[in-house]
Amino acid sequence: MPTDASAAERSGRLEVRKTYKLYVGGAFPRSESARSYEVTDAGGGFLANAAMASRKDARDAVVAARKAFAGWSGATAYNRGQVLYRVAEVLEGRRAQFVDEVSRGEGLTRDRAEQTVDAAVDRWVWYAGWADKVAQVLGSLNPVAGPYFDISAPEPTGVVAVLAPQRSSLMGLVSVVAPAIVTGNTVVVLASERRPLPAVTLGEVLATSDVPGGVVNVLTGRTAEVAPWLASHMDVNALDLSGAAVAEGVSWSALEAAAAENLKRVVRPAGTGGDAVEPDWWPTPGLERVRAFVETKTMWHPKGT
Amino acid sequence: MPKFQYAPAPESRAVVDLKPSYGLFVDGGFVDPQSGTSIKSTSPATEEVLAEVAEAGAEDVDRAVRAARRAYDRTWSRLSGAERGKYLFRIARLIQERSRELAVLESLDNGKPIKESRDVDVPQAAAWFFYYAGWADKLEHAGLGPNPRPLGVAGQVIPWNFPLLMLAWKIAPALACGNTVVLKPAETTPLSALLFAEICQQADLPPGVVNIVTGAGATGQALVEHPDVDKVAFTGSTAVGKQIARSLAGTRKRVTLELGGKGANIVYDDAPVDQAVEGIVNGIFFNQGHVCCAGSRLLVQENVAEDVVDRLKRRLATLRVGDPLDKNTDVGAINSAAQLARITELAQAGEDEGATRWSPACELPSTGYWFAPTVFTGVSNTHRIAREEVFGPVLSVLTFRTPDEAVAKANNTPYGLSAGVWSDKGSRILWTADRLRAGVVWANTFNRFDPTSPFGGYKESGFGREGGRHGLEAYCAH
Amino acid sequence: MSAPALPRPAAAAEVDVDLASDASLRRFLHGLPGVDQVGLEARAAGLGTRSIKTTAKAWALDTAISMVDLTTLEGADTPGKVSALCAKAMHPDPGDPTCPRVAAVCVYSDLAPVAVEALRGSGIHVAAVATAFPSGRATRAVKLADTRDAVEGGADEVDMVIDRGAFLSGRYLQVLEEIRAVKQACTAADGRTAHLKVILETGELATYDNVRRASWLAMLAGADFIKTSTGKISPAATLPVVTLMLEAVRDFRLGGGRQVGVKPAGGIRTAKDALKHLVVVSEVAGDDWIDPDWFRFGASTLLNDLLLQRQKLATGRYSGPDYVTLD
């Protein structure tokens, strides 16, 4: 846990600091570029060095996500729900750590940080419960004018690249990752540039719950550097631009234009016109984010003897 | 010479009363374009000029969008859902009442066989209006929240393969949800949309709710990029779809895209083989193969490939290619010279790359644009004819050995619109359908459409769904 | 059972099928491609939309007339009724000598001699139903005696019914052997051999898969024709069933077998229906079957509608029931 030097003096023991690495394919590599950057607290104090992911790390993360897709999307909805609920359990167990990271990173009071972490865990549980209901709510049996059984059901879009919200480093993160993976997508998430620590810790939570490696891949680094590679990647099926709001040097319209090359499904950042704002993540969401990353598949079959 | 020769059975053209020229349909009336230019719509079967239609310029598009905005603000968005629905029911009935006229006109302008425009395009178009009419006052039950709101003005650009039906797919849900529309029909097939404009007048649809701007690509671009358009819906090629997606990047316009495909039609060795052959034929030769969801890649299990291909060839020998207005025509004219050139070029590439080309003996008319039904065997996934959308009556036959291989080959494409599966074994069908990355999977059937049934693609075949409850999503804020 | 024991060959002469047991027949018949009901019916309906006009219609109407097995199969049939029918068969339209005659007259076996006498020299065949028609529920001895009666009575075509009970309970060998036995009984003492039409009674077979299997079983057993129905059970001949049976005869020949004819019977009452069937014959089986030797319509009222349409085509006026004969 990063802290200041005086703590060591007070306790008389030199503390063991944590290294924040990437989370890719179920492992925790450093950036292949061997770069890192300084993460500070809200007041500018040093918190940790985070790995500064490169385009090649992004590429590796997409490969890992693609590899994990068949297994995760092929799992039963019940199983995905169980696995995601397990994540919530492990999140809860790390509550103190998240409170510490959120409070320092976002400059929140301890009380507010605790509320935030609690809400984030609850949000995760909310989405976990959707796993085996989405198909019933978004699917349909279609009464076609002929002797056919005709059914439509949502299926995961594939690999989703997510720019995590810049300000809300845990609540926002959970609110964009959970709806993508609950239906069977796999995700490459680019953490909040300045507040990446909860994302890395979430990676550790995922690694120690039952989520298969590669289902969620966490990159930390410069949004402006990495996001274009994700936006233009031809093996990424969807792009969530939520974190383009208030990201330094990032043009969401350029990212959306790059995403057009393979017709990614794009979730634009909140806001009006060309502006992008980070929304309030607290209100209970609807199914918009789940819906954004599913494809409706319709199947026909004749009925006869 | 076959013993049983069908005498010509042409549908009469007399039912269609074409004017020499048409203006734009804006704000409830036909107006001359400010652009002052026009395009000719010809019959692809005879190359005869059918009519001249206006080519809308940017200022004409602007005029239409302003009319749509006015209608949205002043009338349509204020009307109750029940009243909107009644207008749509009226339109549906008018399409049925004028079905013969619409069918003949569609076959004249598009080149498709009259039996298809008569039995598929026109009745389906009416069915779409009927279906969405009923939704207009029930939107709160659509799963889009308690109070779904319309988006505003929809700019819609449709292709030439199903001119009237694509119009219905676009306009019916848009209007049901409370939007107003500006629709651009395809450059080569504008006439049924103009007849539809007359139907809007007969239905007393308030002026400006539906506007039809004819023209080519530039007209479409002006419409899509118009700043006062809230929603863009496009059906057409993937290349143009990508351009549109790029041009709308960074805006707040909602978009749905229905694009190309390279559908795989998987025939397992236990398929009901006679019906599979019919499905293969229907999959690729329906509408001259001008179908985005065509089953253009036949993936047949190697142990039955020879038998299936033999049966297919025997069947193709009975296809009747020719006059679209003849009621016995199975395969009509290629829609345009440009499309014919594209098909010809790709078929040549198939030969050059070493695939084996076959067509049944058939006499093609000397004028107009024609292409004989064509089957390529010995095709591999690296051949252009196995990868690129031909959008014509050209089938590529590939083989597979195991279900895994079938699925892998079927999915090995940037497209993801449709697929077919043929087998008598239920669990194998479901297993296969689960793994196909395609928006529509037809099992033991092919090319079936219904207004209640969502249709649309994965991957580069576009996004959004048309049809069913899902089709409302594209036209509602929620 | 007094029927003579038949040799039981291990395989059909023409197509390589093991005919030795119920089990081997079952393996073969259940290995035939499945039939999807919806797809088959859609195909038949599609062919049914063919538009047959002017010269094509004229040709098709005459062809259809020449394919009619003019039929009376009533308990109340009498020599008088049969004689009248034979007169009609020879001159369907007395006012028009260009009108073709029908292919055959079809009667119960006891009335075959009446028909033979009435049609002598006309070239019109005499078909007799046999084998405890229409139910087929009798001992094999009775069925064979019935068959021999028909042939001895002069019938040159025998329309037998299969044992649907045996078929539906999987006793395929029994069905096969019975057809073989009847086929053998079709050869008279003087060496004359009647053509054997095997009635599947498709309405009782219930599924199209069964129709395909029964078609093959009949062909393997030696049927010269396969026929849909007795006319006593509904549904009888439908366009999808006939389409399927035409696929079967086509495939049988493609597989090395001989050409087998098809006869829809029962339910085809209008010229329009008959023309639809001819379209199916042409497009599914091919030209080789467009011939009274290979395709027949088992019908009674159909003939008059064909004649009415023929008159309309010739005169340009719609005709009426007073201008065709009732027999």
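1. Before anything else, a word on "buried": a residue gets that label if 20 or more other C-beta atoms lie within 10 Å of its own. With that in hand, take helix α14 (residues 426–435) of chain B, where Ile429(B), Thr432(B), Ala433(B) and Arg435(B) are buried. They sit on the same side of α14(B), because the arc they cover around the axis is only 165 degrees. Keep in mind throughout that this is a predicted model.

2. What about the other face of that helix? Turned away from the buried side of α14(B), it carries the exposed residues Gly426(B) and Ser427(B). The cover over the buried residues of α14(B) includes a piece of another chain, β10 of chain A. From chain B itself, the cover includes β12 (264–267), α13 (403–411), β17 (418–422) and β18.

3. That brings us to where chains A and B meet. Chain A puts 31 residues into the contact and chain B puts in 36 residues. On the chain A side, the elements giving two or more residues are β4 (148–156), α10 (252–259) and β10 (294–302). β10(A) supplies the largest share of that side, eight residues. Sorted by class, the side of chain A that touches chain B has twelve nonpolar, 13 polar and six charged residues.

4. β10(A) also pairs with a strand across the chain boundary. It runs parallel to strand β18 (residues 440–443) of chain B, and three bridges join the two. If you want a spot to look at, Thr298(A) stands opposite Val440(B) in β18(B).

5. Chains A and C touch as well. Here five residues come from chain C and five residues from chain A. The chain C side of this contact divides into one nonpolar, three polar and one charged residue.

6. Back inside chain B, have a look at strand β11 (residues 254–258). It is largely enclosed by the rest of the structure, because five of its five residues are buried. Arg254(B), Thr256(B) and Glu258(B) point one way from β11(B), while Val255(B) and Leu257(B) point the other way.

7. Which strands does β11(B) pair with? One is β10(B), which runs parallel to β11(B) and is joined to it by five bridges. In that pairing, Thr235(B) has Glu258(B) as its bridge partner. The chain gets from β10(B) to β11(B) through helix α8 (residues 238–248) of chain B, in a right-handed β-α-β crossover. Another partner is strand β19 (residues 462–463) of chain B, which runs antiparallel to β11(B) and is linked by two bridges. There, Leu257(B) is matched with Phe463(B).

8. One residue of chain B deserves its own point: Val229(B), in the loop between α7 (217–225) and β10 (231–235). Is Val229(B) buried or exposed? It counts as buried because 26 other C-beta atoms lie within 10 Å. Leaving aside residues up to four places away in sequence, Val229(B) touches Val65(B), Val153(B), Gly155(B), Leu223(B) and Lys253(B). Gly420(B), on the other hand, is 191 residues apart from Val229(B) along the chain, and their C-alpha atoms are separated by 37 Å.

9. Now chain C, which has an open sheet of eight strands with parallel pairing, in the order β7-β6-β5-β4-β3-β2-β1-β8. Its edge strands, each pairing on one side only, are β7 (261–263) and β8 (297–299) of chain C. From one strand to the next, the twist averages 25 degrees. At the β7(C) edge, strand β6 (residues 225–227) of chain C pairs with β7(C) in the parallel sense over three bridges. Ile226(C) has Val262(C) as its bridge partner there.

10. Within that sheet, β2(C) is mostly covered, with five of its five residues buried. On one pairing, three bridges join β1(C) to β2(C), which run parallel, and Thr71(C) stands opposite Cys106(C). β2(C) also pairs in the parallel sense with strand β3 (residues 125–129) of chain C, over five bridges. In β3(C), Ala128(C) is the bridge partner of Val107(C).

11. Finally, the helices that link these strands. β1(C), α4(C) and β2(C) form a right-handed β-α-β unit. From β2(C), the chain crosses to β3(C) through helix α5 (residues 112–119) of chain C, and this β-α-β crossover is right-handed. As for how α4 (residues 79–90) of chain C is placed, it lies across β1 (68–71) and β2 (104–108) of chain C, at about 165 degrees to β2(C).

Definitions and conventions: Residues are numbered from 1 along each chain as its sequence is written. Chains are lettered from A and ligands numbered from 1 in the order in which they are written. This is a predicted model: local features need pLDDT of at least 70, side-chain atom pairs count only at pLDDT 80 or more; totals for chains, interfaces and linings use all residues. Two residues are in contact if their C-beta atoms, placed from the backbone, lie within 7 Å. Ala, Val, Leu, Ile, Met, Phe, Trp, Tyr, Cys and Pro count as nonpolar, Asp, Glu, Lys and Arg as charged, and the others, Gly among them, as polar. Helices (H or I, at least four residues) and strands (E, at least two) are DSSP runs, numbered from the N terminus. Two strands pair if DSSP finds at least two bridges between them. Axes are lines fitted to C-alpha atoms, for helices over the stretch in contact, and angles run from 0 to 180 degrees between N-to-C directions. A residue is buried if 20 or more other C-beta atoms lie within 10 Å of its own, exposed if 12 or fewer, and partly exposed in between; C-beta atoms are placed from the backbone. A crossover is right-handed if, with the strands pointing away from the viewer, the path from the first strand over the helix to the second runs clockwise. The arc is that of the directions from the helix axis to the C-beta atoms.
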